[in-house]
Amino acid sequence: MSQQARSKSLKDVLLIHELTFILLVALAGTAGVIGMRLWDQSSQESQRINLMVQEIQQTRGDLYRQMKELFDMYFLKDPQAQEEYNVYTQSIGVHFQKLLELTVDQEEKSAILDLQNSYQAFVIETQHFFSRPQDYSDEALEKTLNTHLESGIFHRYEIISARAERLLLVKQRELSSRLEEAKSTSITLLMVPIGLALLLLVFSRIFLNRAIVRPIRGVLHATNEISTGNLDYKAPEEGVAELATLSQSINRMAEELAHSQEALVRSEKQAALGLLVPMLAHNIRNPLASIRATAQVADSNELDQETRDSLKAIISTVDRLDRWTHALLAYLHPLKPQPSFTTLRQVLQGSLVPLQQKIQEKSLRLVLPDWQDQDDRIFTDENLLEQALYNLLLNAVEASPPHTTIEIRSALQKDMIHIVINDQGPGMPFTPDPHAISPGPTTKRFGTGLGIPFAFKVFEALSGNIYFNSHIKGGTSTELTLPRNHQQS
């Protein structure tokens, strides 16, 4: 999986960021709504209980006032006592009605009904005093009021009233406890989004630094490097997908600029060679033509055979040099092979002829392939292949110390030919690149460095390949592959 595939786009990141903030707002809102709802419910419940306690206390107060009216009627002979008594009876009835309306469960309702029944017992007992007052003597009336009503019925009413108030007080304490729990819950629910918001702030800072700020800084540094000519510098392909894509585009742009620069340099070099090589070729061909003409004129039947053979060798070598000069001119332009049937040994011998003097001067031992009873016929451009092999063998000869061996091995297959040239020189100081701008460094005092590039170009035109391998203990191995039947395009 590529870095771009693994990275999230900036649009996705912003969407996640927005959704996270919406979630935090929703959590905070939910916590607030829950807290307000719990607080409102608790407040309403507390108000209800307080109203019930207040109604019970008012009922008790009205009952005390009814008792007072009884005493006023019988002991003080107050003519309005009964009317006042009836007013309090109606008031207590209203209080009980409100109490029953305020109850929310069976336990509360039972306590209020018990209290109401106790009051009804008090009312029934006191009705005898108003309906048949003649049945009571002063002594009996005092006993009834003090003992039966005040110590009996009224005392029982007090007990039931106190029990109802305790029930409401217990609920009040439970409500206070729930209110504290609701407060703690609301604070906890509010702390969760606050904590998540702080984490999101820290994460956002880290993420923005890693995914946006640092990659942008890398892109800016890369553009500065590339603008100064450092086209090998690579922008870090990191961060969100858009920045990673931008870095990839910058790196591709730098590569394309490098290739364009190479092509420009190559074009300038080719243009320079195009001006230089034809002039050199002209200056070489004129002396070669004079040498060939002189050798032809000097050739006569009167000369001994050895001299005549030497003159023929001079003419043959001049013709070969003329063909190579023509091929050198062709190096500046696309090569157009002219294949024909020949043999590998013929091409190899033709490339070794100009090297014989150098080989003898350095006392080099030349090991050639054994082609006895082997079919080494090939269909290729003999002149181009001969020049390429000459350049590669010339490098091997000039790199080899005196009294060493140059080995040439070949493997002839049905469709391909493999050739290996091994020398015992110091090894190549660089690995030739067939697509390099320049030929590469040369250790020759009068070298041009065009031998290997020309060989690369020839083998490319002939659908072959060249590989160079330097050995640790010294020496270079040049491996060549070539199709036996070159298909002319």
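The questions and answers below go through a predicted model, its fold content, salt bridges and cavity.

This is a predicted model, in which local features need pLDDT of at least 70 and side-chain atom pairs count only at pLDDT 80 or more, while totals for chains, interfaces and linings use all residues. Residues are numbered from 1 along each chain as its sequence is written, and side-chain values use heavy atoms, with hydrogens and water left out.

Visitor: How many helices and strands are in the protein?
Guide: Helices (H or I, at least four residues) and strands (E, at least two) are DSSP runs, numbered from the N terminus. The protein has 11 helices and 7 strands.

Visitor: What share of the residues counts as buried?
Guide: Buried means under 20% relative accessible area, exposed over 50%, and partly exposed in between (1.4 Å probe, protein chains only). Of the 489 residues, the buried share is 35%.

Visitor: Which parts of the chain does the salt bridge between glutamate 158 and arginine 60 tie together?
Guide: A salt bridge is a side-chain nitrogen of Lys or Arg within 4 Å of a carboxyl oxygen of Asp or Glu. In this pair the N to O distance is 3.3 Å, and both residues are buried. Glutamate 158 and arginine 60 are 98 residues apart in sequence, so the pair ties together helix α5 (residues 138-227) and helix α2 (residues 10-75).

Visitor: Is arginine 65 buried or partly exposed?
Guide: Arginine 65 forms a salt bridge with aspartate 62 (3.0 Å, N to O), 3 residues away in helix α2. Aspartate 62 is buried, with a relative accessible area of 7%. Arginine 65 has 39% relative accessibility and counts as partly exposed.

Visitor: Which residues are linked with Glu108 and Lys171 in a network of salt bridges?
Guide: The closest N and O atoms of lysine 171 and glutamate 108 are 2.6 Å apart; lysine 171 lies in helix α5 and glutamate 108 in helix α4 (residues 106-131), 63 residues apart. Lysine 171 is buried at 13% relative accessibility, and glutamate 108 at 1%. The network also holds Glu45, Arg48 and Asp105.

Visitor: Which residues line the largest cavity?
Guide: About 40 Å³ of space lies in this cavity. The elements giving two or more residues to its lining are α8 (344-352) and β5 (416-422). By class, the lining has 7 nonpolar, no polar and no charged residues (nonpolar being Ala, Val, Leu, Ile, Met, Phe, Trp, Tyr, Cys and Pro, charged Asp, Glu, Lys and Arg, polar the others, Gly among them). The lining residues (those with an atom within 4 Å of a point on a 1 Å grid, over the protein atoms alone, where a 1.4 Å probe fits but cannot get out) are Leu344, Leu348, Trp371, Leu389, Ile408, Ile419 and Ile421.

How values were computed. On a 1 Å grid over the protein atoms alone, a cavity is a set of points where a 1.4 Å probe fits but cannot get out, and a pocket is an open set with protein on both sides within 12 Å along at least five of seven lines; lining residues have an atom within 4 Å of a point. Grid points are joined across faces, edges and corners, and a volume is the space filled by probe spheres set on the points.
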